[in-house]
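Let's walk through a protein model together, one question at a time. Keep the structure open and look for each spot as we get to it.

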Amino acid sequence: MIEARHLRVLRAVAQTGSFSAAARELGCTQPAVSQQMKALEQSAGTPLLVRTGREMRLTQAGRALVRHAAGILAGLTAAEEEVAAIAGLRAGRVRLVSFPSGSSTLVPTALARMRAAHPGVWVSLDEAEPPRSIELLRNGDCEIALAFRYPEVRGADPSACAEWEDLVVRPVLSDRLVGLVPDGHRLARAGAARFADLADEPWIAGCPRCRTHLVEVCEGAGFTPRIDFATDDYPAVIGLVGAGLGVAALPELTLESVRPKGATTVRMEPAVHREIVALTLPDLAHVPAVGAMLDQLAQAPGR
């Protein structure tokens with residue numbers, strides 16, 4: 001196998017015309033140049049130099065190799081510089097996938113800090129709810145997935161319990177659920193409510209994972225919720241509640257970027273939280289740009 005260090009020596013010999021002059025240019029000894037040229041000729045399987053008196057003359061094979069060496073060494077230098085830029089966070093790419101309420105609250109702050117700290121790193125954003133976002137991560141379609149789960153119902157969903165076990169998990173936020181009722185509702189002025197207090201109400205549910213969790217929590221409180229409407233769009237949930245069509249339980253994060261109109265929030269008891277994390281694959285966690293983005297996401301709740 002032809003090694004890059006041997007090509008550098010060959011080029012120096014071709015440019016200077018002797019082993020001793022090449023050694024001076026490369027900052028090594030003449031015997032070291034001789035040994036490396038001998039190793040290169042063994043790899044090539046043919047003589048590359050012919051000694052004529054005090055000068056060295058390239059053979060036809062030597063001239064061909066020197067001609068190719070220029071492009072090979074230039075490519076290696078460019079590759080080394082690009083890798084060094086990525087390692088030094090002067091360049092790089094991170095593809096981030098987030099669930100919608102995270103995209104509108106946690107992600108903007110993290111992206112702004114990332115750009116300020118490392119302007120050469122390019123970060124893209126797509127949206128997907130878990131478990132789809134985790135599938136994208138495992139399939140190589142992103143480097144980081146901002147995802148969530150509900151620890152209280154892990155035992156009821158074995159797949160949710162196992163879906164993170166081989167990933168690097170960076171905690172971001174513990175997001176409490178709050179109740180949302182129409183302004184004129186009997187509990188609107190109470191400030192707090194139990195899930196059982198809403199047993200007879202029509203419910204408006206969110207994404208499939210949140211919907212499953214809502215049923216679990218309500219059944220734990222002794223009733224099965226009557227879900228009249230279900231939508232992945234949290235502003236739509238809030239709008240339906242504000243129109244008096246039912247009640248909902250939403251993560252606090254979803255209310256940060258949408259002003260409830262015609263709806264009032266109440267504290268739900270017992271407290272229920274969803275766990276928000278940034279996920280990546282173990283090998284990707286060592287990539288500097290990915291690690292830096294994980295750090296920014298972990299700091300985002302303090303925005």
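Q: In this predicted model, which loop is the place of proline 270?
A: Start with the two elements on either side: one is β11, covering 263-269, and the other is β12. Proline 270 sits in the stretch that links them, so to speak, and the peptide bond from glutamate 269 into proline 270 is cis, with omega near 0°. The place you're after is the loop between β11 and β12.

Q: Which residue precedes proline 131 across a cis peptide bond?
A: Go to the loop between β4 and α6 (132-138), where proline 131 lies. The peptide bond there has an omega of about 10° and is cis. Its other partner is proline 130.

Q: Is strand β12 mostly covered or mostly open, and how many of its residues are buried?
A: β12 runs over residues 273-280, which gives eight residues to check. The strand comes out as mostly covered. The number buried is six.

Q: Which residue in β12 stands opposite arginine 149?
A: First find the strands: β5 covers residues 144-149, and five bridges join β5 to β12 in an antiparallel run. On another pairing, β6 (residues 168-182) is joined to β12 by eight bridges, also antiparallel. There, serine 174 stands opposite a β12 residue, glutamate 275. Arginine 149 faces that residue too: glutamate 275.

Q: What is the bridge partner of leucine 96 in β4?
A: β3 (residues 93-98) and β4 (residues 122-127) pair in the parallel sense over six bridges. β3 also pairs with β5 in the parallel sense, over three bridges, and in β5 the partner of leucine 96 is isoleucine 144. In β4, the partner is leucine 125.

Q: What is the handedness of the β-α-β unit made by β3, α5 and β4?
A: Trace the chain through β3, then helix α5 (residues 100-117), then β4. The two strands pair in the parallel sense. The unit they make with the helix is right-handed.

Q: Why does leucine 89 count as buried?
A: Leucine 89 lies in the loop between α4 and β3, and has a positive phi of about 60° although it is not a glycine. The cut-off for buried is under 20% relative accessible area. Leucine 89 falls below that cut-off, because its relative accessible area is 17%.

Q: Why is glycine 75 called partly exposed?
A: Glycine 75 lies in helix α4, residues 60-87. Partly exposed covers the range between under 20% and over 50%. Glycine 75 fits in that range because its relative accessible area is 38%.

Q: How far apart in space are glycine 75 and valine 107?
A: In sequence, the two are 32 residues apart. The protein chain has a C-alpha trace spanning about 105 × 35 × 25 Å along its principal axes. From C-alpha to C-alpha, glycine 75 and valine 107 are separated by 37 Å.

Q: What is the volume of the largest cavity?
A: The structure holds one cavity of 30 Å³ or more. Its lining has 14 residues, with Gly206, Cys210, Leu214, Ala249 and Leu250 nearest the centre, and divides into 11 nonpolar, two polar and one charged. β8 (202-205), α8 (208-220) and β10 (248-251) each supply at least two of the lining residues. The volume is about 110 Å³.

Notes. Residues numbered from 1 in each chain as written. Predicted model: local features only at pLDDT ≥ 70, side-chain atom pairs only at ≥ 80, totals over all residues. Heavy atoms only, no water. 1 Å grid on protein atoms, 1.4 Å probe; cavity = no way out; pocket = protein on both sides within 12 Å on 5 of 7 lines; lining within 4 Å. Points joined across faces, edges and corners; volume = space filled by probe spheres on them. Helix = DSSP H or I, 4+ residues; strand = E, 2+ residues; numbered from the N terminus. Nonpolar A, V, L, I, M, F, W, Y, C, P; charged D, E, K, R; others polar. Pairing = 2+ DSSP bridges. Right-handed = clockwise from strand over helix to strand, strands pointing away. Buried < 20%, exposed > 50% of the residue type's maximum accessible area, 1.4 Å probe, protein only.
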